[in-house]
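Student: Pick one spot in this structure and take me through it closely, please. After that, work outwards so I can see how the rest fits around it.

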Amino acid sequence: MKYIFFLFSIITFGQNQKFIPLDEETLEFLTQVNYTLYTNKKPIYTNITSKDSVTRLPNNITFDSISFNKLNFKDTGLKKEKLNEVVLLSKKVFELDEIIILSTKQKELIVGEQSRFIKKSSKSLTKNVDSGLLFQDFELKNRLLNKFMFFVEKVKHKTIYKIKFYSAEEIGNPLSFQTLKLGDILFESPILILEKGTKNKVEVNLDEYYIDLDNKNIFVTIELQEYFDENNNQIQPNSENKTKLKFQTSKKINYYSKLADFYTNELTKELININVKINYDFAYQLFEKPHKSILVAPAILLITTMK
């Protein structure tokens with residue numbers, strides 16, 4: 001599956017102050033944000049941010065501070081000199097659908113998102129580290145990994161694969177463009193098998209490995225080893241018959257992948273934060289949120305228990 005993106009130039013700000021409001025968590029463009037300008041703590045001007053462009057403050061008004069408010073977001077105030085080209089607003093209540101309690105007795109949790117599958121986004125497994133999910137240390141604090149769960153389209157041929165965990169560091173500006181620097185391999189599974197006809201949920205029991213996830217940013221990937229036919233002969237199926245990992249809609253910005261060049265089909269050397277890039281391009285060029293079906297991530301879950 002190719003990922004084709006257009007690089008947009010960063011908006012240049014002139015003498016009058018301008019800004020663009022973004023959701024601090026998802027970096028999505030926010031519309032209809034109320035803002036008020038103040039002088040000596042007295043409100044002198046109120047308006048709503050532009051719905052399809054950068055918001056420009058009037059040149060003929062002198063102010064020393066500004067406040068922002070929007071339904072379901074925390075009120076935010078800034079001094080004039082602290083007003084930058086990007087204004088980040090944070091939600092009052094964070095959505096917790098990515099962490100679901102399975103068993104109170106065992107304190108077992110699923111870490112990851114569970115949402116609607118997008119069939120057109122399913123991606124074939126590869127033999128290289130071409131894509132995966134980054135789980136942050138705060139999501140995994142005091143956790144032990146029990147099971148690894150993922151979802152696949154119907155398997156056409158017997159598929160040999162491995163699960164790998166890497167230490168990882170995010171590089172770059174989280175507001176515009178981020179890449180991932182991989183460190184040591186923290187865990188490598190033994191050879192695992194997806195039999196022909198397997199579909200949807202796949203669970204791999206990892207209890208015996210005592211995988212401690214505490215205080216680590218972990219990049220998780222599924223690595224193809226080989227395909228075999230019904231006679232156990234090694235084969236190279238065409239693209240249509242390769243084993244495909246399901247993707248789902250995502251509200252997070254933890255999906256990293258290499259991108260294919262439109263002309264040469266060569267992959268980038270770096271793993272790129274895909275949803276950060278999509279949100280940035282939509283916000284700065286189109287001044288809108290991308291459709292939910294555009295923001296996707298691999299359907300991978302970690303089932304954990306307390307230490």
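Tutor: Let's start with Asn72, which counts as exposed because its relative accessibility is 53% and the cut-off for exposed is over 50%. Keep in mind as we go that this is a predicted model. On the chain, you'll find Asn72 in the loop between β5 (65–69) and β6 (76–79). Look at its backbone too: phi of Asn72 is near 75 degrees, a positive value in a residue that isn't glycine.

Asn200 makes a good companion to look at. Its phi is also positive, at about 65 degrees, and again the residue is not a glycine. The setting is another matter: Asn200 belongs to strand β16 (residues 200–205), whereas Asn72 sits in a loop. Asn200 has 35% relative accessibility, so it counts as partly exposed.

Just before that strand, have a look at Gly197, in the loop between β15 (192–194) and β16. Gly197 is partly exposed because its relative accessibility is 35%. Setting aside neighbours within four places in sequence, Gly197 is in contact with Lys154 and Val155. Take the pair Gly197 and Lys154: they are 43 residues apart in sequence, yet their C-alpha atoms are 5.8 Å apart in space.

Now back to β5, the strand that leads into the Asn72 loop. The structure holds 13 aromatic pairs. One of them joins Phe19 and Phe68: the ring centres are 5.3 Å apart and the planes stand at 80 degrees, so this pair is edge-to-face. Phe19 is in strand β1 (residues 18–23) and Phe68 is in β5, so the pair ties together parts 49 residues apart in sequence. Both of these phenylalanines are buried, in contrast to exposed Asn72.

Another pair is Phe148 with Phe165, where the ring centres lie 6.1 Å apart and the planes are at 40 degrees, so it counts as tilted. Here the link runs between strand β12 (residues 143–152), home of Phe148, and strand β13 (residues 158–173), home of Phe165, so parts 17 residues apart in sequence are tied together. Phe148 and Phe165 are both buried. They don't stand alone, either: ring pairs link Phe148, Phe150, Tyr161, Phe165, Phe187 and Tyr209 into a cluster.

Rings also turn up under charges. The charged end of Lys80 sits over the ring of Phe63, 5.0 Å from the ring centre. Lys246 does likewise with Phe117, its charged end being 4.6 Å from that ring's centre.

Let's follow β1 a bit further, since Leu22 is found there as well. Leu22 is buried because its relative accessibility is 2%. Ignoring neighbours within four places in sequence, Leu22 has contacts that include Leu27, Glu28, Phe29 and Leu30, along with Val86, Val87, Leu88, Leu89 and Ala283. As for Lys91, it is 69 residues away from Leu22 along the chain, and the two C-alpha atoms are separated by 11 Å.

Phe29 brings us to Pro290: the two are 261 residues apart along the chain, while their C-alpha atoms are separated by 8.7 Å. Pro290 is found in the loop between α1 (274–286) and β24 (296–298). Its relative accessible area is 6%, so Pro290 is buried, unlike loop residue Asn72, which is exposed. Not counting residues up to four places away in sequence, Pro290 touches Ile278, Asn279, Phe282 and Leu295.

Now zoom out. The secondary structure comes to 1 helix and 25 strands. Of the 307 residues, 48% count as buried. Those contacts between distant parts of the chain fit a wider pattern: among contacts between residues at least 6 apart in sequence, 73% join residues at least 24 apart. The C-alpha trace spans about 80 × 55 × 30 Å along its principal axes. On the outside, the protein exposes about 16700 Å², with carbon and sulfur atoms supplying 50% of it. For charge, there are 44 positive and 38 negative side chains, and the centres of the two sets lie 4 Å apart.

Definitions and conventions. Residues numbered from 1 in each chain as written. Predicted model: local features only at pLDDT ≥ 70, side-chain atom pairs only at ≥ 80, totals over all residues. Heavy atoms only, no water. Helix = DSSP H or I, 4+ residues; strand = E, 2+ residues; numbered from the N terminus. Buried < 20%, exposed > 50% of the residue type's maximum accessible area, 1.4 Å probe, protein only. Phe/Tyr/Trp six-rings, centres within 6.5 Å; stacked < 30°, edge-to-face > 60°. Lys NZ or Arg CZ within 6 Å of the ring centre and 35° of its normal. Contact = heavy atoms within 4.5 Å. Areas by Shrake-Rupley, 256 points an atom, 1.4 Å probe, with all protein chains shown as cover. Lys, Arg positive; Asp, Glu negative; His and termini not counted. Charge placed at Lys NZ, Arg CZ, Asp CG, Glu CD.
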